[in-house]
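Reader: I'd like to go through this one with you, one question at a time. Can we start with a single residue and work outwards?

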Amino acid sequence: MGFFDRISEGLSRSRDKFKEQMNVLLDRGPDLDDEFWDGLEETLILSDVGASAASTIVENLRDQATRKALPDAYAVLDLLNDQIADTFAEGGERVFDEDAAIVLFVGINGTGKTTTVGKIAKEATDAGRHVLLGSADTFRAAAIEQLEEWARRADVEICTRERGSDPASVCYDTIERAESTGADLVLVDTAGRLHTSADLMRELEKVVNVVRKRANMPVYTVLVTDATTGQNGLQQAREFDRALDLDGVVVTKLDGTAKGGIALAVSHELDLPVLKIGVGEGIDDLKDFDAHDFARALIGDFDKRA
Ligand SMILES: Nc1nc2c(ncn2[C@@H]2O[C@H](COP(=O)(O)OP(=O)(O)O)[C@@H](O)[C@H]2O)c(=O)[nH]1
Ligand SMILES: [Mg+2]
């Protein structure tokens, strides 16, 4: 199944909600008046795309409506998919597709970090890359075992230390191992919970700094965010970006949520490219991100003229 089919089903509730709202709005008639523009913005916000992306989308559509002298709301809605796609941050191909790199996966507990590391390990190995995993989530023994299990499934090597070890030391070992074995993609799983959120950020900052100092390859920090958390995810993303200066985001659990718009909220507001998306719990349930398909899955098409 391709990208569109996989997320289309997951986002069907988002799409239904959006259509319903738009139909209410269009019942007044297709005039391009303030009520339409405000209603469109509100409907986008209700789709969880965030206030910042919603306002950018509406501003750009208003601009185009004037410049192209668009006749009515339907002509505007024809441009909505493209406009949504354009509102995603671009770039990020270098993180997984190019030369050697160390990628640190961060995010709160349960978002899918460990699972995502496993999926990416498999995908990259299949593509012929030499992958090494590092388990810097040393807070819980179960977290180390979970990553070891993914390493077995993906058939890649893994660096670990016992529970309670300093995560920065694990990273140090992992980099040394990568250098001695010639691994060209190092994926590091990190903790998503410590005693407090401030402790977590401090620890992750330290880990990232150590890795950046020690590594001879580019280091990227990638936030794993769970689409089912809606706007909480945006708040978390801000906090992680502030502390760690993120390079991109992986959005998980797009297979079963009405809140898929959060992908756009995070990408636009924090200028973070969506690198991959998670569409299930299995090792192959990872897809490349396509902004146009995503927009189509999120809001659908408006072909019915009243
Ligand atoms: N439906 C679905 N579940 C996922 C996805 N990614 C991860 N999960 C599940 O989310 C739960 C937490 O995942 P885990 O990788 O342990 O999260 P972590 O705490 O961030 O490392 C597990 O039950 C995973 O199977 C996804 O894309 N779709
Ligand atoms: Mg984990």
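Author: Sure, let's start with Ile 84, which is found in helix α5; helices here are DSSP runs of H or I of at least four residues, strands are runs of E of at least two, and both are numbered from the N terminus. Keep in mind that this is a predicted model, where local features need pLDDT of at least 70, side-chain atom pairs count only at pLDDT 80 or more, and totals for chains, interfaces and linings use all residues. Residues are numbered from 1 along each chain as its sequence is written, chains are lettered from A and ligands numbered from 1 in the order in which they are written, and side-chain values use heavy atoms, with hydrogens and water left out.

Reader: Is Ile 84 buried or exposed, and what is its relative accessible area?

Author: The scale calls a residue buried under 20% relative accessible area, exposed over 50% and partly exposed in between, with a 1.4 Å probe and protein chains only. Ile 84 is buried, as its relative accessible area is 0%.

Reader: Which residues does Ile 84 touch, not counting those up to four places away in sequence?

Author: Contact means heavy atoms within 4.5 Å. Thr 56 sits 28 residues away along the chain, with a C-alpha separation of 9.4 Å from Ile 84. With residues up to four places away left out, the ones Ile 84 touches are Leu 44, Ile 57, Leu 264, Ala 295 and Ile 299.

Reader: Where does Phe 88 lie, and which residues is it in contact with beyond four places in sequence?

Author: Phe 88 lies in the loop between α5 (73–87) and α6 (93–97). Its relative accessible area is 5%, so it counts as buried. Leaving aside neighbours within four places, Phe 88 is in contact with Ala 263, Leu 264, Ser 267, Val 274, Phe 289, Ala 291 and Phe 294.

Reader: How far apart are the C-alpha atoms of Phe 88 and Val 266?

Author: Along the chain, 178 residues separate Phe 88 from Val 266. In space, their C-alpha atoms are separated by 8.9 Å.

Reader: What share of the contacts with a separation of 6 or more comes from residues 24 or more positions apart?

Author: That count covers the protein and takes in contacts with a separation of 6 or more. Residues 24 or more positions apart account for 78%.

Reader: How many helices and strands are there, and why does the protein count as being as compact as a globular protein of its length?

Author: The protein has 13 helices and eight strands. The globule rule (2.2 Å times the number of residues to the power 0.38, with the radius of gyration taken over C-alpha atoms) gives 19 Å for 306 residues. The protein is as compact as a globular protein of that length because its radius of gyration is close to that value, at 21 Å.

Reader: What volume does the largest cavity have?

Author: Rolling a probe the size of a water molecule over the atoms shows where empty space is left. On a 1 Å grid over the protein atoms alone, a cavity is a set of points where a 1.4 Å probe fits but cannot get out, and lining residues have an atom within 4 Å of a point. Points are joined across faces, edges and corners, and a volume is the space filled by probe spheres set on them. The search of the whole structure finds one cavity of 30 Å³ or more, and the largest has a volume of about 30 Å³.

Reader: Which elements give two or more residues to its lining?

Author: The lining is made up of Gly 107, Ile 108, Thr 111, Leu 223, Val 224, Thr 225, Gln 236, Ala 237 and Phe 240. The elements giving two or more of them are β5 (219–226) and α11 (231–244).

Reader: Which residues does Ala 237 touch beyond four places in sequence?

Author: Ala 237 lies in helix α11 and is buried, with 0% relative accessible area. Beyond four places in sequence, Ala 237 touches Leu 223, Leu 246, Val 266 and Leu 270.

Reader: And what does Thr 111 touch, with the residues up to four places away not counted?

Author: Thr 111 lies in the loop between β1 (101–106) and α7 (113–126), and at 3% relative accessibility it counts as buried. With those residues not counted, Thr 111 touches Val 224, Thr 225, Asp 226, Thr 252 and Lys 253.

Reader: What is the phi of Lys 253?

Author: Most residues other than glycine have a negative phi. Lys 253 lies in the loop between β6 (248–252) and α12 (262–270), and counts as partly exposed at 32% relative accessibility. Although Lys 253 is not a glycine, its phi is positive, at about 60°.

Definitions and conventions:
1 Å grid on protein atoms, 1.4 Å probe; cavity = no way out; pocket = protein on both sides within 12 Å on 5 of 7 lines; lining within 4 Å.
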